[in-house]
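Q: I'm new to this one, so could you take me on a close look at the second largest cavity and what lines it? Some context on the other cavities would be welcome too.

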Amino acid sequence: MKLKKQVTVCGAAIFCVAVFSLYLMLDRVQHDPTRHQNGGNFPRSQISVLQNRIEQLEQLLEENHEIISHIKDSVLELTANAEGPPAMVPYYTANGSWVVPPEPRPSFFSVSPQDCQFALGGRGQKPELQMLTISEELPFDNVDGGVWKQGFDISYSPHDWDAEDLQVFVVPHSHNDPGWIKTFDKYYTEQTQHILNSMVSKLQEDPRRRFLWAEVSFFAKWWDNINAQKKAAVRRLVGNGQLEIVTGGWVMPDEANSHYFALIDQLIEGHQWLEKNLGATPRSGWAVDPFGHSPTIPYLLRRANLTSMLIQRVHYAIKKHFASTHSLEFMWRQNWDSDSSTDLFCHMMPFYSYDVPHTCGPDPKICCQFDFKRLPGGRINCPWKVPPRAITEANVAERGARRPGLGVGSAARGCFWLYICKMAGGGGGAQVAQFGTLSDYFDALYKRTGVEPGARPPGFPVLSGDFFSYADREDHYWTGYYTSRPFYKSLDRVLEAHLRGAEILYSLAVAHARRSGLASQYPLSNFALLTEARRTLGLFQHHDAITGTAKEAVVADYGVRLLRSLVSLKQVIINAAHYLVLGDKEAYHFDPEAPFLQMDDTRLNHDALPERTVIQLDSSPRYVVLFNPLEQERFSVVSLLVSSPRVRVLSEEGQPLAVQISAHWSSATDVVPDVYQVSVPIRLPALGLGVLQLQLGLDGHRTLPSSVRIYLHGRQLSVSRQDAFPLRVIDSGTGDFALSNRYMQVWFSGLTGLLKSIRRVDEEQERRVDVEFLVYGTRTSKDKSGAYLFLPDGEAQPYVPRDPPVLRVTEGPFFSEVVAYYEHVHQVVRLYNLPGVEGLSLDMSSLVDIRDYVNKELALRIHTDIDSQGAFFTDLNGFQVQPRRYLKKLPLQANFYPMPVMAYIQDAQNRLTLHTAQALGVSSLHDGQLEVILDRRLMQDDNRGLGQGLKDNKRTCNHFRLLLERRTLGSEPGFFSKLAAMFRGLIFHSSRSDNREVQDGRTTSYPSLLSHLTSTYLNTPVLALPVAKRQLPGPGLRSFHPLASSLPCDFHLLNLRTLQAEDDALPSAETALILHRKGFDCGLEAKNLGFNCTTSQGKVALGSLFHGLDVGFLQPTSLTLLYPLASPSNSTDIYLEPMEIATFRLRLG
């Protein structure tokens, strides 16, 4: 303790000297007579001197930042070695609240000033096309365009191409949904395998023929069922350019609901399969069917080394505008990018669809005459009443004369080889028609414009932003699928979190086992389970899977696959944790029939909610292994179910811990007999494992019961009672009540049990945060809401329950909660009484059951006093945040957007963020509001091909975190940073104003570091794995600390993915490390946060990152590992720019 004080005093002295030095420097600048003589304008001769002074000041700031970081590390090390885990024993005060004593160890929030500059923006040139601005300026008036109904009349002269040949590329492709009307397997058996077999034979008949394929999931299944001769033929077709694999992902993913972990994972799975089996490396992206487009996709494709892409489903008014301004091809750039490093060339298809009638030109009745799938006598025909005619030698010239003039490219579906081959030699005019792949087209474009593939052709615009929300006609906005089938959207994220955790633990366990010479004893074959789970998660990213837009039987098939992979991943995690937590690795024995650890929960079937494992207590101690999947040390409350209220919990070292014991409720008023919840705060190492011991017995000082109040509101209900817990039943009463922790006081309505306001402990004023439930109906006209479309019958109406809600209020030392039981939703708001991330936000969940609804949608709306001025912010794929603006000129449904992980509103003083653990639709229809659609039950099809409504609803738990943050006066935290901001402002005031204007323009926005961490806490919960054997384990269990220190808190370890060996079922010695450096906003208050956070200007020393393992090989690669970006190096220090994702191939041992 004495040494710790000495270090602290020394650090304080250094801090004071640094502050005094900075003060003198600042004072010298402020009183510079030359500056005053020139009225604040510096002569040019002094600009360079002043710039040098700024750079020296920034260097000094960084040196002080490093000093503080070293002091932090020293103090943490001293406190960790001296005091062991915290032994916080809460106490109950006279005013009726619990107080948890502060931890003995300090917390640090040390952010480099340089790291705050990124979010200020203002660098580089603005793009010519900013989608937020375009949406605000477009009239969206839907004027009838004639034959091109959603466009305008197009005229052209036969002499338009006299000076230069018009090149026409007809791109044969086949769009194969890996599940929609039929299941994946049924589609494969009945259609897809025949298409691929036909492709091989037809392409070999004529070398001029081309074909495009996108879905590797189908291709891999077909590959496993064809002979070696056909495989060789396929490789030749790929090699000579007749067959192109576009994008190369496992599926063509949805771009609204999918999380960027899953998007990257399915892209890696597809690319790795292609490289191994075909030697193919995709060059172009192809996304013709996702219902709107996200800029996350071109970013990922660019980092995977693709050079071009094509998109299709964009709002018809935007297509019309882009066509009229010759902007259908552009460089798609990320909002934050200042130097074009993220640019990807993009072609937007101009017409309604990607089928033949809507791709050969603006008049579908002419195009349909060349869709030979619609020849008379077939299953489908041309709705324009002019049927196609077979092409013969006799009529090819006449039919060729009927085709419309085409742009430089066109896409068509089907195999109409004869027509194009004849047309190419018999059409006349300055036109060259040919079969082509997508890359053939892009290569021709690059050649004609004289640039390298992927470079910006002269005269082509730059675009930033996204293409949500999508409408294909009239006011038919595809915003319903943001929420459709939320049960499976939630299950998707559960599987994703388990896959990431299993990948990391498996990679670490295998590396440690190999280093110890015990690899032969470890179940390396678990790699096959990982592969299956990767492919299951990838399959579910398909644009008719996670979207909730498939037939009921297909949804059930997806659900069975998801659950099977979830169970497999739990087995992988259990096996890895078993090995890593053993103190004596020699004692490790893998027995698949008798796992050492139990699962944390189980699901009876694919559409059931999880049931947590109950730990049976008796005279023998029970042990629980806790897995923290975060790359940051974590301080959380872990809740376990046990068979007795008489329970003592001990740390790994045998130190008794304070716990909160509660009843386990099955309904509003009924408890589950002989099951109790024990909640314990515990600090867990980054990506590591902790150990708890449970004993039967009672520690009166540390086993602290929760108290419960139940408000019946006049309803005649019997209430279960248990002697172990104080329980008070209140028959009537409507007075508001509050819960509180060290950060805030939270008020609830005594009548509804719903949130009303939040007051920070250091403020007198309450902030309105008022929650209500609402119901949307659907139109009575012909067109109604369905799986895809949201077509409400007007504004939402208040949810009116049949009976008043039963409220249950639980209060205890480590958490308190309010549960409001309504007929269709059980709303839980929990407040943790802990320092750090857990205590700084509200944990909210809504258990929704609308199976008796008819054409209704249930929404949750939050009202606040935030002056949001029509602006709100939603994330894209959990990767970036997109500013939004409520547009009154558009219908209500057009103002909804996807929310995979968060949405927020803000003003000059506050920001309110709703974090979510599942993708849902969100909007802000009025100032100060956020609104999210929880579930939808719709009885009819919406005429987009599905042929069903949404009637297979499940009991669904939607999980949220609500975070209220306060803005600081400056835009950067900390004294040093404010000094730097003042110093820059004195000299370059006008430049700083420009930066501020850019920020106010809201082209970019970023969460705070606290907000990022809140999201990761919500989406990667602690896994509690009970030791299956009741007797004391022979070999001792030891916590596992895989990292020498936590990563900088703006870094996210996206994955540590073991790569495949030559044997598909076994791992190689190499691993893919994928890191993401997040952009963050420093302008939100960051004092007294209660957790450790340090940034490092994007630098990480990977060589010393892993405790007990050496990095023997490190090579930066493209995102999907197909291209090395540099030679393997002995240096293991890496650097990432903010927002960048980087992949490294490494060998741990």
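**A look inside the second largest cavity**

A: Let's start with the walls: α4 (131-137) and β39 each give at least two residues to the lining of the second largest cavity. Keep in mind that this is a predicted model. In total, 20 residues line this cavity, and the ones nearest its centre are Ser135, Phe468, Ser469, Leu887 and Tyr897. The space they surround has a volume of about 220 Å³.

What about the domains? Domain 1 (160-467) and domain 4 (770-799 + 812-969 + 1000-1020) each contribute at least three residues to this lining. As for chemistry, the lining residues split into 12 nonpolar, four polar and four charged.

Now for the wider picture. Searching the whole structure turns up 18 cavities of 30 Å³ or more. The largest one comes in at about 380 Å³. Its lining is made of 29 residues, with His259, Tyr260, Gly878, Ser1015 and Lys1078 lying nearest the centre. Several elements put two or more residues into that lining: α8 (260-277), α15 (486-515), β39 (880-885), α20 (1009-1019) and β47 (1051-1060). So β39 turns up again here, having already supplied at least two residues to the second largest cavity. By class, the lining of the largest cavity has 12 nonpolar, 12 polar and five charged residues.

And how does anyone spot such spaces? Rolling a probe the size of a water molecule over the atoms reveals where empty space remains.

Key:
Residues are numbered from 1 along each chain as its sequence is written. This is a predicted model: local features need pLDDT of at least 70, side-chain atom pairs count only at pLDDT 80 or more; totals for chains, interfaces and linings use all residues. Side-chain values use heavy atoms; hydrogens and water are left out. On a 1 Å grid over the protein atoms alone, a cavity is a set of points where a 1.4 Å probe fits but cannot get out, and a pocket is an open set with protein on both sides within 12 Å along at least five of seven lines; lining residues have an atom within 4 Å of a point. Grid points are joined across faces, edges and corners, and a volume is the space filled by probe spheres set on the points. Helices (H or I, at least four residues) and strands (E, at least two) are DSSP runs, numbered from the N terminus. Ala, Val, Leu, Ile, Met, Phe, Trp, Tyr, Cys and Pro count as nonpolar, Asp, Glu, Lys and Arg as charged, and the others, Gly among them, as polar. Domain bounds come from an automatic or database domain assignment.
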